[in-house]
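Trainee: I should be grateful for a close look at the sheets of the second chain, with the strands taken one after another. Please then set that part in the context of the chain around it and of its partner.

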Amino acid sequence: MAFSMLLSLKVSAVATIFVLIFGIPVAYVLAMKRFKARELIDVFLMLPLVLPPTVTGYYLVILLGRHGIIGRYIYEWTGFSIMFTWHAATVASFVVSVPLMIRTARAAIESVDKSLIMASYTLGYGEVMTALKVTIPLARRGIIAGAVLSFARAIGEFGATLMLAGNVPGKTDTMPLAIYSFAAAGQWSEANNMVIILTVMSLAIIYVANRLSRQ
Amino acid sequence: MGLVVNMKKTLQGFTLDVQWEVEKEIVVLFGSSGAGKSLTLQLIAGLDVPDKGKIVCNGITLFDSSTNVNVPVQRRKSGYVFQNLALFPHMTVWNNIAYGGKGLAKNDLHKKLIRLIEEFQMKGYENKYPNELSGGQKQRVALARALIGEPSVLLLDEPFSALDNLLRVQMRGFLKEIHKEFKIPVVLVTHDLAEACNVADKIVVYGIGNVLQSGKPVDVCKYPLTPEVAALVNVIEEK
């Protein structure tokens with residue numbers, strides 16, 4: 001029980017860090033640049049929001065599994081396969097939650113007053129410095145809200161995790177997976193407790209996200 | 001030495017085609033809205049690129065389509081004050097002004113900041129954020145931020161339009177003092193005739209995308225060359 005809670009927190013926290021690292025630059029480029037492939041990338045990045053997580057997980061297995069398109073080489077070179085590890089749970093959580101970050105952060109970046117960005121340019125700052133000192137700090141509320149939503153989505157991740165990381169007790173059974181196992185085994189009181197904890201955690205996260213986006 | 005502008009730019013069916021030049025004096029671009037005055041400022045600053053032409057500031061070519069010169073906006077050293085002032089809402093007065101001092105040594109920046117804040121009557125407000133300032137204070141911070149990096153030209157896009165009359169008169173006087181101190185060409189966009197006549201050494205009257213007439217404010221007001229100019233300046237004649 002405690003293991004599943006800690007695992008869920010660890011997986012979601014690490015996934016959220018990568019969501020921030022990957023999501024902010026992508027959101028920035030989608031918000032600020034006009035290029036041909038933009039709509040295509042946008043559609044592609046939204047896919048995990050629409051697909052059933054099991055389908056997303058299936059693609060991840062094809063990509064990262066021991067015989068997968070990329071996973072094969074990783075296994076050949078390092079003897080390591082991500083399948084059935086907590087890393088896999090993190091990757092699955094990252095993929096399903098990063099669209100939330102990109103969506104929210106992109107909207108926030110797009111709403112930054114363009115004259116502030118132009119002012120920064122006339123004062124001698126290049127695009128990267130302007131992004132770091134003006135655009136992203138001014139979009140921070142949306143970025144934080146996006147990160148909180150991503151974290152919440154990662155906490156609740158089930159399908160893709162099950163496909164890529166499996167449901168290995170004491171190894172990859174995050175809270176949602178543990179709840180499934182308890183219920184399947186008829187251990188209702190354990191399932192009950194964990195459901196309550198997960199619900200309270202989710203409520204707290206939504207509350208925090210709402211407060212942050214209103215401030 | 002001063003500012004020489006000769007440029008052509010077509011944008012969504014609108015064509016700007018203007019030539020004018022000024023010494024290190026205050027020039028007012030005057031005309032109705034949609035005449036291309038703000039676009040002119042953006043082209044001088046390098047925020048947009050003319051289709052054709054040449055921009056020379058204090059002997060330095062900033063843009064020349066015939067030799068493919070186009071100095072990027074960051075290196076044009078233009079002090080730009082936007083219509084909405086564009087103060088950074090997440091920075092204090094101190095940090096807003098300091099932002100304009102890019103490339104200055106820390107010591108120099110500090111000394112200059114203290115002097116400018118004193119001169120621009122912002123002492124005691126260093127740690128305030130833009131939303132805690134009055135309209136006039138915001139103007140002064142925007143001007144200080146534009147000037148701290150010692151620009152080679154000051155571009156003002158209707159910066160006083162949101163002020164009440166008394167403050168506007170004060171800011172005009174303040175602008176003249178600044179001009180005496182910094183001795184750079186100042187380009188002020190306005191459609192307020194009183195403002196134009198009051199501060200301008202030279203006035204350039206814009207039609208829709210072209211220059212109708214330019215000269216000393218007195219001359220332009222007394223001897224408008226075309227009926228359009230006469231219509232634009234007739235307020236003064238009635239007085």
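Mentor: The answer below begins with the sheets and then turns to their surroundings.

The model is a predicted one. Chain B contains eight helices and 11 strands. Its radius of gyration is 18 Å, close to the 18 Å that the globule rule gives for 239 residues, so chain B is as compact as a globular protein of that length. Along the principal axes, the C-alpha atoms of chain B fill a box of roughly 50 × 50 × 35 Å.

One sheet of chain B is open and has six strands, in the order β7-β8-β9-β3-β10-β11, with mixed pairing. At its edges stand β7 (78-81) and β11 of chain B, each of which pairs on one side only. On average, neighbouring strands of this sheet are turned by 15° against each other, direction ignored.

Within that sheet, strand β3 (residues 26-30) of chain B runs parallel to β10(B), and four bridges join the two. In this pair Leu29(B) stands opposite Val204(B) of β10(B). On to the edge: strand β10 (residues 202-206) of chain B is joined by four bridges to strand β11 (residues 211-215) of chain B, and here the two strands run antiparallel. Ile203(B) faces Gly215(B) of β11(B) as its opposite residue. β10(B) and β11(B) form a hairpin with four residues between them, and Gly209(B), in the turn, has a positive phi of about 90°. Thus β10(B) has a parallel pairing with β3(B) and an antiparallel pairing with β11(B). As a general point, strands of a sheet pair through backbone hydrogen bonds, either parallel or antiparallel.

Another open sheet of chain B has five strands in the order β2-β1-β4-β5-β6, with antiparallel pairing. β2 (14-23) and β6 (69-70) of chain B are the edge strands; each has a single partner strand, so one side of each is left without a neighbour in the sheet. Further in, strand β1 (residues 2-11) of chain B and strand β4 (residues 52-57) of chain B run antiparallel and are joined by six bridges. One pair of opposite residues here is Val5(B) and Ile55(B), the latter in β4(B). Helix α1 (residues 37-45) of chain B packs on this sheet and touches β1, β2 and β4 of chain B. The direction of α1(B) makes about 115° with that of β1(B).

The partner chain is built otherwise. Chain A has 11 helices and zero strands, and its C-alpha atoms fill a box of roughly 65 × 45 × 25 Å along the principal axes.

The contact between the chains takes 13 residues from chain A and 16 residues from chain B. On the side of chain A that touches chain B, α6 (114-122) and α7 (127-138) of chain A each supply at least two residues. The most comes from α6(A), with six residues. By class, the residues of this side of chain A are nine nonpolar, four polar and no charged.

Within chain A, helix α5 (residues 86-110) takes part in two helix pairs described here. With helix α2 (residues 38-50) of chain A, the axes come within 8 Å and cross at roughly 120°. That angle makes α2(A) oblique to α5(A), and the crossing is left-handed. Leu45(A), Met46(A), Pro48(A) and Leu49(A) of α2(A) make this contact with Val95(A), Val96(A), Pro99(A) and Ile102(A) of α5(A). Its residues comprise eight nonpolar, no polar and no charged.

With helix α8 (residues 140-155) of chain A, the axis of α5(A) comes within 8 Å and crosses at roughly 160°. α5(A) and α8(A) are therefore roughly antiparallel to each other, and the crossing is right-handed. Among the residues making this contact are Ser93(A), Val96(A), Leu100(A) and Ala108(A) of α5(A), and Arg141(A), Gly142(A), Leu149(A) and Arg153(A) of α8(A). The residues of the contact between α5(A) and α8(A) divide into 12 nonpolar, six polar and two charged. Val96(A) of α5(A) is thus listed in the contact with α2(A) and in the contact with α8(A).

Methods
Residues numbered from 1 in each chain as written. Chains lettered and ligands numbered in written order. Predicted model: local features only at pLDDT ≥ 70, side-chain atom pairs only at ≥ 80, totals over all residues. Axes fitted to C-alpha atoms, helices over the stretch in contact; angles between N-to-C directions. Parallel < 35°, antiparallel > 145°, perpendicular 65-115°, else oblique. Left-handed = near helix turned anticlockwise from the far one by under 90°. Contact = placed C-beta atoms within 7 Å. Nonpolar A, V, L, I, M, F, W, Y, C, P; charged D, E, K, R; others polar. Pairing = 2+ DSSP bridges. Rg over C-alpha atoms; globule rule 2.2 N^0.38 Å.
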